[in-house]
Amino acid sequence: MQKQTILNSPLERKRVGLRIWRNRYIYLMILPVVIYLVLLKYMPMWFLRSAFYDYKLLQGFDSKFVGFSNFTRLFNNPNLLRYIGNTLKLNLSALLILFPAPIIFAMLLGQLRSARYRKTVQTISYLPHFVSTVVLVSMITTLISPSIGSLAALAKSLGRTPVNYLSSPEYFVPINVISGFWQAVGWESVIYVAALAGIDPEMYEAARIDGANRWAQAIYITLPSLATTIILLLIMRVGRMLDINFEKVYLLQNNLNLAASEMLPTFVYKTGIEGRKWGYATAAGLFNSVISVVLVIGANYVSRRYSETSLF
Amino acid sequence: MQRTHKKQHHEFIRRGPGAKAFDAANWLFMLLMCAIFLYPLLNMLSISMSNQFAVLRADVTFYPKGLDLSSYKLIFENKDIWNSIMNSLFVALVGCLCSLLLTSLAAYPLAFGDFYGKKLFNFLILFTMWFNSGIIPIFLTIRQLGLHNSLWALIINAMLTAYNVVIVRSYFQSVPISIVESARMDGANDFLILFRLILPLSKPVLATVSLWIIVGHWNDYLHPMLFLANRSKYTLQLVLKELVLNAEASIHNISVTGDATTSGAAALGQQVRNGVLVVSMIPMVILYPFVQRFFISGVMLGSVKG
């Protein structure tokens, strides 16, 4: 309260001016950053307005204002629930399989007796993380190709007819999850390997003296020590339940597997960039962004509440 | 040293038959995992270097059969591929430099500044982390700025990410503020302090962020697809997609009809396609030792925040 009154005095005004002057280089420094943020990060938010227009590229915001009709059209789209359902199906399967996999992988790595072997396995396991999505999808299509794929060769040698997996919707989620496992299990174990390294070795020593075998040590020492990390990552993963790897889903998509592979982001891309219905596509994208933000904030709230750790 | 040696010895004696069996199984399991991680990559490499008949019989697995490097000759003679490699290199390298500069300019005031508007500035940056406007508004913005169909669109769009600012800022803060203060006393301005004092001390974090940006640009497919219209501007991933995946559908069809003559061409196509994929991964392979080290330190930096 007192400060407020002092601020109006000439002395204080001079001090404020001095502080601004002293920071002139700092302001000069943030100037390009602020311009950048305004143009590249906040202007897109301004363009979200196009969700309320029948937006035409050449007319810009002189296009016809249509109010909420893009949104009513979206919510009346009979496929909307299927798009969200497909995303949830993909993410739930990923959660069930891809979430525990790096934990188990890291624990098994920790059990390897030779440090050099462990390092080698780790180095190899990180490799897939650096493969681009285009290359990944190319490898998938080669491997499961019914003509030249290794999987087809295996099927033939077992006396079965090769299946064209990419053209059957029921294989879309398994293809995604298996390739996701390949690409992510090594890399995502990094954080658990680090957490494992932080466990006091004397705990294991004490457990061994008490006669605990390695299974018991894993259950009673390792897992509880990893619990905070696991819970935090789990909550964050749930917060990203509606996010997808757009590139992968888009590239694996074809007309035959569309029933399982069409999701909101790919729908947005096709409606907007390909179909030129900018307003409608923006509305659909905005809907997706808003749900995502709500989920992330919710996840963060839960995490702050129960584990005293939060991202923001 | 002595102590750990003793401990290991101690453990060794206590291992029962069950533990030994587990160790052996674990050892084998990890070997199998390595085979799984490497197989698709080795398969890709092998197909690109194999004789087309072996490719057609789906005979090629871990190693090339009937060595045939003609696909690489075709790749190196292809102007589209060379051009796209140059475009990708330009975007990755120039993008990395621009990005480092802008990220440092954002991180320094947050780390050492004490100025009016710092909270607002921080908020402006962090807000972009939570809310993503989506691809259509970004596309419209890039058009508005006149950057459509320019490689600069890719560079500028990815120049600043909130996450990188946070990582670089927290690394900057490991420099004691008293050093910065005394440099200011000596009359050095903030630009001088940033470029002469802070940046040279922050090489590890700059290397980490650089590699993130380079790998991100090199592997990016979505943004080139959004921003680039002209073939001469295409980046490598766009050309890869065109060469490899658009043709893939026709190959599936060929195999269904079992047309022998077209599938011969398809097999050569397969070698070339896999060869292009291999070529696209060469920079990653060269960078891999650094990438691995700095990416992991990056994960650690990130987990400190989390």
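Student: Which residues touch the most other members of the largest nonpolar core?

Tutor: Good place to start! In this predicted model, the largest nonpolar core has 121 residues, and Ala284(A) and Leu240(B) touch the most other members. Helix H5 (residues 79–112) of chain B gives the most to this core, with 10 residues.

Student: What makes Ala284(A) a contact partner of residues elsewhere in the sequence?

Tutor: The test is that C-beta atoms lie within 7 Å. Leaving aside neighbours within four places in sequence, Ala284(A) is in contact with Leu74(A), Leu264(A), Phe267(A), Val268(A) and Thr271(A).

Student: How do you know where the core lies relative to domain 1 and domain 2 of chain A?

Tutor: Look at who contributes. Domain 1 (2–67) and domain 2 (73–307) of chain A both give residues to this core, so the core lies between them. Apart from this core lies another one, of 11 residues, including Ala106(A), Val185(A), Val190(A) and Tyr192(A).

Student: How far apart are the C-alpha centres of those two domains of chain A?

Tutor: The centres lie 38 Å apart. The contact takes 8 residues from domain 1 of chain A and 5 residues from domain 2 of chain A. On the domain 1 side, the classes are 6 nonpolar, 1 polar and 1 charged.

Student: And how many residues does each chain give to the contact between chain A and chain B?

Tutor: Chain B gives 80 residues and chain A gives 78 residues. On the chain B side, helix H2 (residues 17–48) gives the most, with 15 residues. That side of chain B divides into 54 nonpolar, 22 polar and 4 charged residues.

Student: Why are H6(B) and H9(B) called oblique to each other?

Tutor: Set the angle against the classes. The axes of helix H6 (residues 118–130) and helix H9 (residues 162–172) of chain B cross at roughly 130 degrees and come within 8 Å. Roughly perpendicular covers 65 to 115 degrees, and roughly antiparallel starts over 145. The crossing angle fits neither class, and H6(B) and H9(B) are therefore oblique.

Student: Which residues meet there?

Tutor: From H6(B) come Ile125(B), Leu126(B), Thr128(B) and Met129(B), and they meet Ala162(B), Tyr163(B) and Val165(B) in H9(B). By class, this contact has 6 nonpolar, 1 polar and no charged residues.

Student: What makes helix H8 (residues 133–143) of chain A mostly covered?

Tutor: A residue is buried if 20 or more other C-beta atoms lie within 10 Å of its own. In H8(A), 10 of the 11 residues are buried. Among them are Thr133(A), Leu136(A), Met139(A) and Thr142(A). For chain B, 40% of its 306 residues count as buried.

Student: Why does Arg276(A) count as exposed?

Tutor: Exposed is for 12 or fewer neighbours. Arg276(A) has 12 C-beta neighbours inside 10 Å, so Arg276(A) counts as exposed. Arg276(A) lies in the loop between helix H15 (264–274) and helix H16 (278–307) of chain A. The phi of Arg276(A) is near 60 degrees, a positive value in a residue other than glycine.

Student: What makes Asn149(B) partly exposed?

Tutor: Partly exposed falls between 12 and 20 neighbours. Asn149(B) has 14 other C-beta atoms within 10 Å, so Asn149(B) is partly exposed. Asn149(B) sits in the loop between helix H7 (135–144) and helix H8 (151–157) of chain B. The phi of Asn149(B) is near 65 degrees, again positive in a residue other than glycine.

Notes: Residues are numbered from 1 along each chain as its sequence is written. Chains are lettered from A and ligands numbered from 1 in the order in which they are written. This is a predicted model: local features need pLDDT of at least 70, side-chain atom pairs count only at pLDDT 80 or more; totals for chains, interfaces and linings use all residues. Two residues are in contact if their C-beta atoms, placed from the backbone, lie within 7 Å. Helices (H or I, at least four residues) and strands (E, at least two) are DSSP runs, numbered from the N terminus. Ala, Val, Leu, Ile, Met, Phe, Trp, Tyr, Cys and Pro count as nonpolar, Asp, Glu, Lys and Arg as charged, and the others, Gly among them, as polar. Domain bounds come from an automatic or database domain assignment. A nonpolar core is a set of buried Ala, Val, Leu, Ile, Met, Phe, Trp, Tyr and Cys residues joined through C-beta atoms within 7 Å. Axes are lines fitted to C-alpha atoms, for helices over the stretch in contact, and angles run from 0 to 180 degrees between N-to-C directions. Angles under 35 degrees count as roughly parallel, over 145 as roughly antiparallel, 65 to 115 as roughly perpendicular and the rest as oblique.
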